[in-house]
Amino acid sequence: MRHLLQQEAGNELPAAWCNSSATMTSLMEAVSFVTPLLENFFISTVASTLKGQVDFPLAQRCREFMHEEANHSRLHNKFNASVLEHLGKTPAALRWVQQLLTGSRKHLPLSARLLLVAVLEHITGILSKAYLATESQWQFHSAFAKQLFGWHAREELAHRAVAFDLCLSKGAFGGFTRALAMLGVLFVGSLYLLTAVPWILYRKTGRSLSRTLVLLARFIASAGARLHCMSILRQLFMFARPSYHPDQLVDLVHVGRADETK
Ligand SMILES: [Fe+2]
Ligand SMILES: [Fe+2]
């Protein structure tokens, strides 16, 4: 990822740079827009926790975690600037997410914020693993985006164990609370995507409502046939099991780390 920090994202980004699909591109752009906000929340929560007492090996893993998240944010901000050249402005839904995160910082205790970080990293780990399993099938018409999403997914694989261990070190949460936290995050995340993706797509289609609706309907029909919803939900709610630990679930970490050295 270091070499990407020196590169420009370029402003020659096609409207459908991911899989030649305007809808999938809109989804990836919505994810990229929200990423720096979330990562900022992760970094500040982990940094606040490190001010207290944390075991040395875990503290070291936390510092690597923060360093990687800071680099991800820098690169996504760079990429988002290039997306904005075409889009003009960011989706309004992004401001709601920012307000929610600011409210969490102000009103939630550190242990609850750590639980949110652990939930979000669990979801990111599942998505990253799924992406890497099908990476060769993805088509990017942007070399920067291809490297950014691939590298980000590889580094994310180890994050959920760091977030989970740190969360555990500051207090255990029962299965019900963990399930509730997962439901809350999924609700807000779905609301964000259901608002931001059509908004981005609408602008990509030259503000054509009918074209936007047709593209969305086609995308939902084709994705619905391929998505294994029950398997995804099962993986997501593994987080609520008393015996859950991310180390038992991630088996691609070493593949990712090996690639990094090439
Ligand atoms: Fe990240
Ligand atoms: Fe992460």
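Student: What makes a residue count as buried in this predicted model?
Tutor: The test counts C-beta atoms around the residue's own. The radius is 10 Å. A residue is buried if the number of other C-beta atoms inside is 20 or more.

Student: Which residues of helix 8 are buried?
Tutor: Start with Arg178, Ala181 and Met182. Further along come Tyr192, Ala196 and Val197. The list ends with Trp199, Ile200, Leu201 and Lys204.

Student: How many Å does helix 8 reach from its first C-alpha to its last?
Tutor: Helix 8 has 30 residues. At 1.5 Å a residue, 44 Å is expected. The model comes close to that, with a reach of 42 Å.

Student: Which residue with a positive phi follows helix 8?
Tutor: The phi in question is near 70°. The residue that follows helix 8 with this value is glycine 206.

Student: Which residues have the most contacts inside the largest nonpolar core?
Tutor: That core has 37 residues. Helices 2, 3, 4, 5, 7 and 8 each give two or more residues to it. The residues with the most contacts inside it are Ala118 and Val119.

Student: Which residues does valine 119 touch, leaving out those up to four places away in sequence?
Tutor: Helix 5 spans 110–133, and helix 8 spans 175–204. Ala181 and Met182 are buried residues of helix 8. Valine 119 touches both, and the full set is Ala181, Met182, Val185 and Phe239.

Student: Is asparagine 19 buried or partly exposed?
Tutor: Asparagine 19 sits in the loop between helix 1 and helix 2. Beyond near neighbours in sequence, its contacts are Met24, Trp138 and Gln139. A buried residue needs 20 or more C-beta neighbours. Asparagine 19 has 15 inside 10 Å, so it counts as partly exposed.

Student: What is the radius of gyration of the chain?
Tutor: The chain has eleven helices and zero strands. Its C-alpha trace spans about 55 × 40 × 35 Å along the principal axes. For 262 residues, a compact globule would come near 18 Å. The chain agrees, at 18 Å.

Student: Over which residues is the pLDDT below 50?
Tutor: The chain averages a pLDDT of 90. At least 70 is reached by 93% of the residues. The stretch below 50 has nine contacts in the model beyond near neighbours in sequence. That stretch is residues 251–262.

Notes:
Residues numbered from 1 in each chain as written. Chains lettered and ligands numbered in written order. Predicted model: local features only at pLDDT ≥ 70, side-chain atom pairs only at ≥ 80, totals over all residues. Core = buried A, V, L, I, M, F, W, Y, C linked by C-beta atoms within 7 Å. Buried ≥ 20, exposed ≤ 12 C-beta atoms within 10 Å, placed from the backbone. Helix = DSSP H or I, 4+ residues; strand = E, 2+ residues; numbered from the N terminus. Contact = placed C-beta atoms within 7 Å. pLDDT = per-residue confidence, 0-100. Expected span 1.5 Å × (residues − 1). Rg over C-alpha atoms; globule rule 2.2 N^0.38 Å.
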